[in-house]
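Biologist: I am new to this structure and would like a close look at a single part of it. Could you choose one helix, describe what surrounds it, and then set it in its wider context?

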Amino acid sequence: MTAAAFRITAIGRNTFTGLVRQKVFYFLLIFALVVIGNSAFLAKFSFQEEFQMLKDVALGAMAVFLCLLAILTTANLLPRDLEDRTIFTILSKPVPRYEYLLGKLLGVVILLTLSTLVMGILFVGVLFLREQAALAETRATFSGSPQDLAAALDAVRKGVFSWDLGEAMVLLLVKAILLASLTLLISTFATSGIFAILVAASAYFIGHLQVTAREYWMSGIGIHWWTRVFTAVVALLFPDLQAFNLSDDIVAGTALPAGLFLQTLALGGVYTAVYYAVACFLFQNREL
Amino acid sequence: MPGRTSLSRSLQAVLLVIVAGALLVPWQKELQATARKAGFHSVPLGIDLREQIGQSGFLAALSGFRSPVAALLWIEAHGAWERTEWGRMAALFNTVTTLQPHSLLYWDIAAWHMAWNASIAAFQDKRQPSEVLRERSRRQYVQLGKDFLERGIRNNPDSYLLQERLGILLRDKAEDHAGASAAFAKASALPGAPAYVARFAAYEAAKVPGMEQEAYDRLRSLYDQGEKMRLPTLVAELRRLEEKLNIPVNRRIPAPPAPAVTPRS
C-alpha cells in the first residue's frame, strides 16, 4: 500500500469510527421495525399483494434512510472537525487536503455500504420467511395435480425474489454515495452543518426535477429566453437523480437490462468523481 | 477571514460543475432513452396526478418514492373495501395504477374488485328499490373493471395475464363470448401463457352463432397437438361441433372405445 493510500484509509477508518460512535446505526432498528411490522400488517392481504407491498415499502425505506444518512453524516464532517480543531492536527501533518477529503468520503462510503448490506440482509430475510410461509400455505391448501402444485409453487417463488432486487439496492447505494459527495462539496464552502444540510436537501429535490428542466430547456418550444436560461442552469448545475430511480419499476416486474444497470452505475461514479474534484478545488485554497 | 472561500474561486467552481453538467447531457439523454425503451420512467407525473394524490404525495412521487406511495394508497383502498366504499376504492385504484402502470397485480385486483365485488354489491344494494337502476349500476361497475384491464393491457402489451383476465371478465360478467374468445386467443399468443388459455378461446368461440367453424378449427388444432390436449371437455365440444358442422366421418376424431361388457355369471 502506498503512503497516500495508507493515509486515506486511516482517515476513512477514523471517520467511520467517529460516525459509529455517534450511534447512527440506531436507524437500522427503525428500518427493522418498518420491515417486520409492515410484513406482519400485510399478512391480511393475498400473498402476491403482500410481497409487492413489502418490496415497495422496504426499498422505499432503504432509499429514505440511505439518503438521510448520506446528507446528515457528510454535512457535519467538516464543521465538526473545524469545531474540534481535529482538522488542524491532521492538515499540519504532510497530508494533502485532497487526501483528507477522500478519506472523509471513504468513511461515509463504508458506512453507507455497511448500512445497505445490513438492511438488504434484513429485507431478504423477511422476504424469505414470508415466502416459506406462502409456500407452506399453498402446499396445505392446494387440491390439484402434482404438476399444477409444482406450477403454483413456482409462481409463488417467481413473485418473491429476483436478481433485479439486488441491483435495485446497489443503485440506491450509488445514489446515496453521489449525494454524500455532493454534500461534501457543499460543506467545503458552507458556514455551518445546518446550511450544508439545507442546501443538500434542496439539491436532492431539484435533482429529481433536473430531467424535467433538461427536457424543457432542450425541447425547442417557444419559451422566454430567461426561462430557457433558468432551466439550462438547473439542468447543468444539478445531478440527474431520476436516472437512479429504477427500483419503482423493478418492483413492478420490469426487467433491468445489464447495459442500463452498468451505465447508471457509471453515471453515479462520474458524478461522484466530479463533485469530489470540485470539492478539492474549493477546499484547496480555503482559509481555515 | 477563517472558513471563507474566495468569491472568484466559488464562481470558478460553479463554472466547473456547469461544464461537467454540459459534458454529461448527451450521456444523460441517451441513458434516459435506453431506460424508457426498457419500460422505466414511463409515468407522466403531471398536474392530474398532483390533484389525485395531494401535494405531499406528489412530492414523494417526484422524489423517487412512487412505489411506496402506491403501496400506501393500496392499503387505503383495502380499508375502503372493508367499509364497502366502492367509489373511493375506484378513485384510489385509478391513482395506484397511474403511479405503478407496470404492476400487473394492481390492474388485475382493481378490475376484480370492480367487476365482481362492487358490481354484486351494487346489484344487491337494498337502499335502491329500483331493479333497473341496480342493474345499470352493476353494469357500470363491470364496465369499470373492463376499463382497468384494457388500460392495463395498453400499458403492458406483452403480458398474457391481463388479456386472460379480460377474457374471464367478458365470459363470466358480460356474456360477451366473441369478445372473450378474442381476448383468450390474444393471451394464448403471448409468452408464458398456460395451455388452457388456448382451449378457453376455442370454447368461447363455440358458444357464438356463426363462429362454429373457427371454434372447430381451433379445437381440432389443439386435439392434434397430442394426448395432453385431449381433455374430456375438449373432446366433447369437438364431437358436438363435428355433428353440427356435418364434418365427414373420415375427418372426424376417432369414436370413443365401447365400454367393456362384463359377462353375466
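Modeller: What follows begins with one helix, then turns to its chain, the nonpolar cores and the other chain. Please keep in mind throughout that this is a predicted model.

The part I would pick is helix α4 of chain A, which runs over residues 77–84 and has as its buried residues A:L77, A:L78 and A:D81. These residues cover an arc of only 90° around the axis, so they lie on the same side of α4(A). What covers the buried residues of α4(A) comes from several places along the chain, including α1 (3–21) and α3 (47–75) as well as α5 (86–91), α6 (97–141) and α8 (163–189), each of them in chain A. Just after the helix, α4(A) is followed by A:R85, a residue whose phi is positive, near 70°.

Seen in the setting of its chain, α4(A) belongs to a secondary structure of twelve helices and zero strands. Of the 288 residues in chain A, 43% are buried, and the C-alpha trace of this chain spans about 75 × 55 × 35 Å along its principal axes. If one takes the contacts in chain A between residues at least 6 apart in sequence, 82% of them join residues at least 24 apart.

As for the nonpolar interior, the largest nonpolar core has 134 residues, and those with the most contacts inside it are A:L66, A:L112 and A:A176. Leaving aside residues up to four places away in sequence, A:L66 touches A:L112 and A:A176, and also A:S115, A:T116, A:L172 and A:L173. There is in addition a second, separate core of five residues, which includes A:L209, A:W217, A:A235 and A:L236.

Chain B, for its part, has a secondary structure of eleven helices and zero strands. Its buried residues make up 36% of the 265 residues in chain B, and among its contacts with a separation of 6 or more, residues 24 or more positions apart account for 46%. The C-alpha atoms of chain B fill a box of roughly 120 × 55 × 40 Å, taken along the principal axes, and chain B has a radius of gyration of 28 Å, whereas a compact globule of 265 residues would have one near 18 Å.

Technical notes. Residues numbered from 1 in each chain as written. Chains lettered and ligands numbered in written order. Predicted model: local features only at pLDDT ≥ 70, side-chain atom pairs only at ≥ 80, totals over all residues. Helix = DSSP H or I, 4+ residues; strand = E, 2+ residues; numbered from the N terminus. Buried ≥ 20, exposed ≤ 12 C-beta atoms within 10 Å, placed from the backbone. Contact = placed C-beta atoms within 7 Å. Arc of directions from axis to C-beta. Rg over C-alpha atoms; globule rule 2.2 N^0.38 Å. Core = buried A, V, L, I, M, F, W, Y, C linked by C-beta atoms within 7 Å.
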